[in-house]
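Here's a quick briefing for anyone opening this structure for the first time. Have a look around, then come back for the tour.

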Amino acid sequence: MAKASPAFTNFTAGQLSDRLDGRTDIAKYANGCKKLQNFLVHAHGGATRRPGTEFIAEVKTSANATRLIPFEFNVEQTYILEFGNQYFRIYRDGGQVVSSGSAVEVATPYTSAQLADIKFTQSADVMYVVHPDHAVRKISRTGHTAWTITEVDFRRGPMLDQNTTATTLTASGRTGSITVTASADTFASTDVGRLIKFYDGFAKITAFTNATTVTATVQENEDLRTELMPSYTATTIAFAEGDPSSTGLEHNDRITDSNANFILEGFKVGQTLTISGASNSGNNDNNLVVVQVTADTILFAPSNDLVDANAGASVTITGNLGATSEFSLGAFSTTTGFPSTVVFFEQRLVFANTATQPQTIFFSVSGDFEDFNAGILNSSALTYTIGSNQVNVIRYLTASRALLIGTSGGEFVVRASSDEPISPTNTQILRQASYGSANIQPVAVANVVLFVQRAKRKLRELVYSFGSDSYFAPDLTILSENITEGLIKEIALQQEPDNIVWCVLENGKFVGMTYRREEEVVAWHDHEIGGTFTDSGTTFNYGFVESVATIPSSTGTEDEVYIVVARTIGGATKRYIERLKPIDFGSNIEDAFFVDSGLTYSGSSATTISGLTHLEGQTVRIVANGATHADKVVSSGAVTLDRATTKAHIGLPYTSTLQTMRIDAGGMQGTSQAKIKRINDVTVRLHKSVGVKVGSSESVTDLIPFRSSANAMDKPIALFSGDKEVEFDGGYETDGHIVVIQDQALPLTVLSIYPRITTFDE
């Protein structure tokens, strides 16, 4: 028989997998928990009860799925956007943004079924939104209640590769609305809105006639002129015969302009020009081929013949619009699909993954996010396709020290081949890993990126190694693989106060991971939001979380966490937007908020509390002036209290449970595992807590008293920090678990646990 007093000093390993029940040899075992539900892990090591959720509003239509998207202009102007079926609404500071008494609402093209595939990126007051079935949009905020969403009118691209067939296009005019005719079937009805690059400009298709004919509007070209070919009229143009001595040798005739406007007007090598209005009819030609252009001189092909003539007449020079096979069609359209992911990187807006080009990345012109004019300048737009032996559909783009790309088959990095910004001449793409990524937007934490692996079970961190000059992606769920069995659906980062990555699972569970890599803290915790939800005959004994988003608080020090929760209330499905209350509620017990979908009453002394319509018929938990109160059922949107109160928190109950791993201490003959032992008593070190149960299982616990005979029964108990000792109500067993429970709507933070045990070796 051996006696021991081991110490559970911290819980920084979080909830561990059942598959680790025997791994007492790893350091994380002693710092892990068998169960950690509705507790958060602090980087310091303690576990604190999850704060409750505050009811904000019911979504516009509770029958439809809803998604939350953060909108951050800066850390002081932050909003949450409620995306529903073809609309979004706006929230800020725990309330809905309204104008003239009505919710501010903006129409969108996205249906409920499409919300999960929306991705976004933001620069100041403009957010770019992409979805594979819709043209790229941008959301703009010009005031607290002034919001718009508009289709992005991309300039000069991006374009597909140039035509290599014998098909030609002919335009009916050089400016304005034109008819474009193809020599073979080229167009589809889904091409409306698509760009065409031909001649020396661009046109956007506005109407479809048939497979060979469309109507289009000429767009601004790279010289900022809205024309397909240049046209210039001047009285300063002179003509020069290239072989005035009539030798019969090949020669180049030319025209000159004393105003030196040829380059400014857009004349370029390779164009075919028509000249009219010349005083000598021999100079009026419609087939002059340009071989060289300077500001004041255009040199023509040797086959072209002009006559010497001085300037003076009003001469017009126009680019010809003959049939041309040199054309390209736009890369974004209903025909080809629209980009599925987007990010800002090195002053460029970057898109990727259309239906017809799932492995292609499109970079804007540097510093001009809506210009995709390709070229060889360092600032030019560029298009890059990942080359691999299998189709790697791009799932996400994220900016770090390089541009990181997650695909269905692996992880890649885009960077310059030299130590300078990327450009059309120095870009390279290198594979870093081959895990494959799910179609879920990742989160950046400090200098790493956390992404969900393809099967949605694992969360990995993409980390750069200076030693190998490459990235690697360790699995952050390796010790807690069972916590994501429900499959990850969304992730969001709450940076303050403890760097928690929140995950919404497809089964409605809400899980978190306290992530502080520098302190070696990777601690998963499981959360069940209060309430129940029935869907298609299946009942979930928790509030079904469907979406999560975080934003910096404009009024406090902690990031705000918003969630969409589906519940069955009065036999009907209700979807509510709720916000987690601050983890640090201060030092006043009356400010402690530990109910879900709750509301706070603060005012004159009252016994009837109304405004609870959203919880009609539900049994609610109540804390009145910091003291527990008997549960009540909401009727007609109100509850009647047993005693008057000036401040009450009322909402759905939830229970927080911490269960340690099996104790491995005290054996005289090696390990104490699998040996009969008895825990004699336990000391729990607490911080700012009121109320706790301790026992050997969830069904066998003792309530540790905090109230003494000196405390009035209707008054709150002061927050307690220190040690609480309890005689352990457990028997002789081989496991040796310790369970800590808080089921009152009161705070609890467990810093450490000190059991005293007796182990029987034989």
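Which residue stands opposite lysine 574 in E51? That place goes to arginine 567. Keep in mind that this is a predicted model. The notes below go through strand pairing, a cavity, salt bridges and a few spots in the backbone.

**Strands around E51**

- Strand E50 covers residues 560-569, and it pairs with E51 in the antiparallel sense over eight bridges.
- E50 and E51 form a hairpin with two residues between the strands, and glycine 570 there takes a positive phi near 60 degrees.
- E51 (residues 572-580) also runs antiparallel to strand E6 (residues 53-58), and five bridges join the two.
- If you want a place to start on the E6 pairing, pick glutamate 58, whose bridge partner in E51 is tyrosine 576.

**A four-stranded open sheet**

- Another spot to visit is an open sheet of four strands, in the order E35-E36-E37-E38, with antiparallel pairing.
- E35 (394-399) and E38 (427-433) stand at the edges with a single partner strand each, so one side of each has no neighbour in the sheet.
- On average, neighbouring strands of this sheet are turned by 25 degrees against each other, direction ignored.
- E35 and strand E36 (residues 403-407) run antiparallel and are joined by five bridges.
- Within that pairing, alanine 399 has leucine 403 in E36 as its bridge partner.

**The cavity**

- How many cavities of 30 Å³ or more does a search of the whole structure find? The search finds one.
- The largest cavity holds about 40 Å³ of space.
- Residues lining the largest cavity include Leu40, Pro51, Gln494, Trp502 and Val561.
- Also among the lining residues are Glu558, Asp559, Leu580, Lys581 and Ile583.
- Sorted by character, the lining of the largest cavity comes out as six nonpolar residues, one polar and three charged.

**Salt bridges**

- Searching the whole structure turns up 47 salt bridges.
- One of them brings together the side chains of aspartate 21 and lysine 34, at 2.8 Å from N to O.
- That pair links distant parts of the chain, 13 residues apart: aspartate 21 sits in the loop between strand E2 (14-15) and helix H1 (27-30), while lysine 34 belongs to strand E3 (residues 32-37).
- Is aspartate 21 buried or exposed? Its relative accessibility is 16%, so aspartate 21 counts as buried.
- Glutamate 518 and arginine 516 also meet through their side chains in a salt bridge, at 3.5 Å from N to O.
- In this pair, glutamate 518 counts as exposed at 61% relative accessibility, and arginine 516 counts as partly exposed at 21%.
- Aspartate 631 and arginine 621 make a salt bridge too, with their closest N and O atoms 3.1 Å apart.
- Aspartate 631 is in strand E54 (residues 627-633) and arginine 621 is in strand E53 (residues 619-624), so this salt bridge ties together parts that are 10 residues apart in sequence.
- Aspartate 631 has a relative accessibility of 35%, which makes it partly exposed.
- There's also a network to look for: Arg174, Asp200, Glu222, Asp223, Arg225, Glu227 and Lys268 are joined into one by salt bridges that share partners.

**Backbone spots worth a look**

- Glycine 157 and proline 158 are joined by a cis peptide bond, with omega at about 0 degrees.
- You'll find proline 158 in the loop between strand E17 (146-151) and strand E18 (169-171).
- A cis peptide bond also runs from glutamate 496 to proline 497, with omega near 5 degrees.
- Proline 497 belongs to the loop between strand E43 (488-494) and strand E44 (500-505).
- Asparagine 499 lies in the loop between E43 and E44 as well, and its phi is positive at about 55 degrees although it isn't a glycine.
- With 13% relative accessibility, asparagine 499 counts as buried.
- Alanine 260 is a residue other than glycine with a positive phi, near 55 degrees.
- Look for alanine 260 in the loop between strand E25 (254-257) and strand E26 (272-276), where its relative accessible area of 35% makes it partly exposed.

Note on methods. Residues are numbered from 1 along each chain as its sequence is written. This is a predicted model: local features need pLDDT of at least 70, side-chain atom pairs count only at pLDDT 80 or more; totals for chains, interfaces and linings use all residues. Side-chain values use heavy atoms; hydrogens and water are left out. Two strands pair if DSSP finds at least two bridges between them. Axes are lines fitted to C-alpha atoms, for helices over the stretch in contact, and angles run from 0 to 180 degrees between N-to-C directions. On a 1 Å grid over the protein atoms alone, a cavity is a set of points where a 1.4 Å probe fits but cannot get out, and a pocket is an open set with protein on both sides within 12 Å along at least five of seven lines; lining residues have an atom within 4 Å of a point. Grid points are joined across faces, edges and corners, and a volume is the space filled by probe spheres set on the points. Ala, Val, Leu, Ile, Met, Phe, Trp, Tyr, Cys and Pro count as nonpolar, Asp, Glu, Lys and Arg as charged, and the others, Gly among them, as polar. A salt bridge is a side-chain nitrogen of Lys or Arg within 4 Å of a carboxyl oxygen of Asp or Glu. Buried means under 20% relative accessible area, exposed over 50%, partly exposed in between (1.4 Å probe, protein chains only).
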